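Biologist: I am new to this one and would love a guided look. Could we put the structure up and go through it in questions and answers?

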Amino acid sequence: MASAVCAVTARPHLPVALALPTTARKLLFRCRAASTMDTASASSPDAEQKTTTVFVAGSTGRTGKRVVAKLLERGFGVVAGTTDVGRARGSLPQDPNLQLVRADVTEGPDKLAEVVRGVDAVVCATGFRRSFDPFAPWKVDNFGTVNLVEACRKAGVTRFVLVSSILVNGAAMGQLLNPAYIVLNLLGLTLVAKLQAEKHIRRSGINYTIVRPGGLTDQPPTGNIVMEPEDTLYTGSISRDQVAEVAVEALLCSEASYKIVEIISRTDAPNRPLKDMFAAIKQN
């Protein structure tokens, strides 16, 4: 599961770009990103580069920080949401196309709307932190995601990518006795919380891609990505690096729109273009 975070409060001691009004900030980042992405598109003529500025929720988590790095590598402007700006400065790349904002998805959609206003898309890679609060999974993985979706609707952001998990619909798949389903739901019904958030996204009208990875590893990839439709995979693992790759690619190709995909990696899987794999999945 991905770790941690997002939403808004004051913006103390942030880079000059963050002090600009929303419209000016958006223009500045779009200009920077567009310049970089023009170079990238020259080497990738098939890429559908329509999004230039992306807000990442959970940007300092183990998956989120990989999403940030991959977005910057691909030439996007990135607004990184974090509950701890100091921690983010120490863990995220130093890059002129990156700005940090204090944000917390549990604080409601109105504050979040101020953070995401002006971006083109949102990637949600949040995940609750283990604590003595039995409701933590619901506060982050359900209500937090719902808050972020509603913030996008308020701010006019029309593209949303969620990093979720396989087995969220394990009950309907006949996987009630799957050890992974049991363990994850012992932690405050985490998978149930994620499933309810997914349902809200699907009803929201926003252009979404929901990425459901298998068990997450911090190691470099050891196999190729396998992508299947929703409620198909119930076992398997995948590197967080590959999850970030899929999340970013979802922003670049229209074939990923309005789809739920499940991903793991296998050493015996063929190395296929992600665009082709997205295209093979039916829209919801």
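Biologist: Let's start in helix α7. Is Asn185 buried or exposed?

Modeller: This is a predicted model, so what follows describes the prediction. Asn185 sits in helix α7. The cut-off for burial is under 20% relative accessible area. Asn185 has 10%, and therefore counts as buried.

Biologist: Which residues does Asn185 touch, leaving aside its neighbours within four places in sequence?

Modeller: One link involves the side chain of Asn185, a polar atom of which is 3.4 Å from the backbone nitrogen of Thr190. With neighbours within four places set aside, the contacts of Asn185 are Thr190, Leu191 and Val192.

Biologist: Which residue in the loop between α7 and α8 has a positive phi without being a glycine?

Modeller: The loop in question leads from α7 to α8, which covers 190-204. A residue there has a phi of about 55° although it is not a glycine. Its relative accessible area is 43%, so it is partly exposed, and its name is Leu189.

Biologist: Where is Leu167, and is it buried or exposed?

Modeller: Leu167 is not a glycine, yet its phi is positive, about 75°. It is placed in the loop between β5 (159-163) and α7 (179-186). Its relative accessibility is 3%, so Leu167 counts as buried.

Biologist: Now for α8. How far apart are its end C-alpha atoms?

Modeller: α8 has 15 residues, and at 1.5 Å a residue these should span 21 Å. The model agrees with that expectation, because the end C-alpha atoms of α8 are 21 Å apart.

Biologist: Which elements do the buried residues of α8 pack against?

Modeller: Among the buried residues of α8 are Thr190, Leu191, Leu195 and Ile201. Just after the helix comes Gly205, with a positive phi near 90°. The packing partners of the buried residues are α6 (136-155), β5, α7, β6 (207-213) and β10 (259-266).

Biologist: On to α9. How many of its residues are buried?

Modeller: Helix α9 runs over residues 240-252, and its end C-alpha atoms are 19 Å apart, which agrees with the 18 Å that its 13 residues should span. The buried residues include Arg240, Glu249 and Leu252. The helix is mostly covered, and the buried count is 11 of its 13 residues.

Biologist: At the start of α9, which backbone nitrogen does a side-chain oxygen of Ser239 reach?

Modeller: The side-chain oxygen of Ser239 comes to within 3.1 Å of a backbone nitrogen at the start of α9. That nitrogen belongs to Asp241.

Biologist: How many aromatic pairs does the structure hold?

Modeller: The structure holds two aromatic pairs. Trp138 and Phe143 have ring centres 6.4 Å apart and planes at 50°, so this pair is tilted. Phe143 has 46% relative accessibility and so counts as partly exposed. Tyr208 and Tyr258 have ring centres 5.7 Å apart and planes at 85°, which makes the pair edge-to-face.

Biologist: How many residues apart in sequence are the parts tied together by Tyr208 and Tyr258?

Modeller: Tyr208 is buried at 4% relative accessible area, whereas Tyr258 is partly exposed at 32%. Tyr208 belongs to strand β6, and Tyr258 to the loop between α9 and β10. The pair therefore ties together parts that are 50 residues apart in sequence.

Biologist: Stepping back to the whole protein, what share of its residues count as buried?

Modeller: The protein has 10 helices and 10 strands. It exposes about 12200 Å², of which carbon and sulfur atoms supply 54%. Among contacts with a separation of 6 or more, 73% come from residues 24 or more positions apart. Of the 284 residues, the share that count as buried is 53%.

Biologist: Last one: what is the mean pLDDT, and where does pLDDT stay under 50?

Modeller: The mean pLDDT is 86, and 80% of the residues reach 70 or more. Where pLDDT is low, the predicted coordinates should not be read in detail. Over residues 38-49 the value is below 50, and this stretch has 13 contacts beyond near neighbours in sequence. It also stays under 50, with 75 contacts beyond four places in sequence, over residues 1-19.

Notes
Residues are numbered from 1 along each chain as its sequence is written. Side-chain values use heavy atoms; hydrogens and water are left out. pLDDT is the predictor's confidence in each residue, from 0 to 100. Contact means heavy atoms within 4.5 Å. Helices (H or I, at least four residues) and strands (E, at least two) are DSSP runs, numbered from the N terminus. Buried means under 20% relative accessible area, exposed over 50%, partly exposed in between (1.4 Å probe, protein chains only). The expected span of a helix is 1.5 Å times one less than its number of residues. Accessible areas come from the Shrake-Rupley method with a 1.4 Å probe; for residues, only the protein chains shown count as cover. A polar contact is a pair of N or O atoms within 3.5 Å; within protein, one must be able to donate a hydrogen and the other to accept it, and residues adjacent in sequence count only if both atoms are side-chain atoms. Rings of Phe, Tyr and Trp (its six-membered ring) pair if their centres lie within 6.5 Å; planes under 30 degrees apart count as stacked, over 60 as edge-to-face and the rest as tilted.
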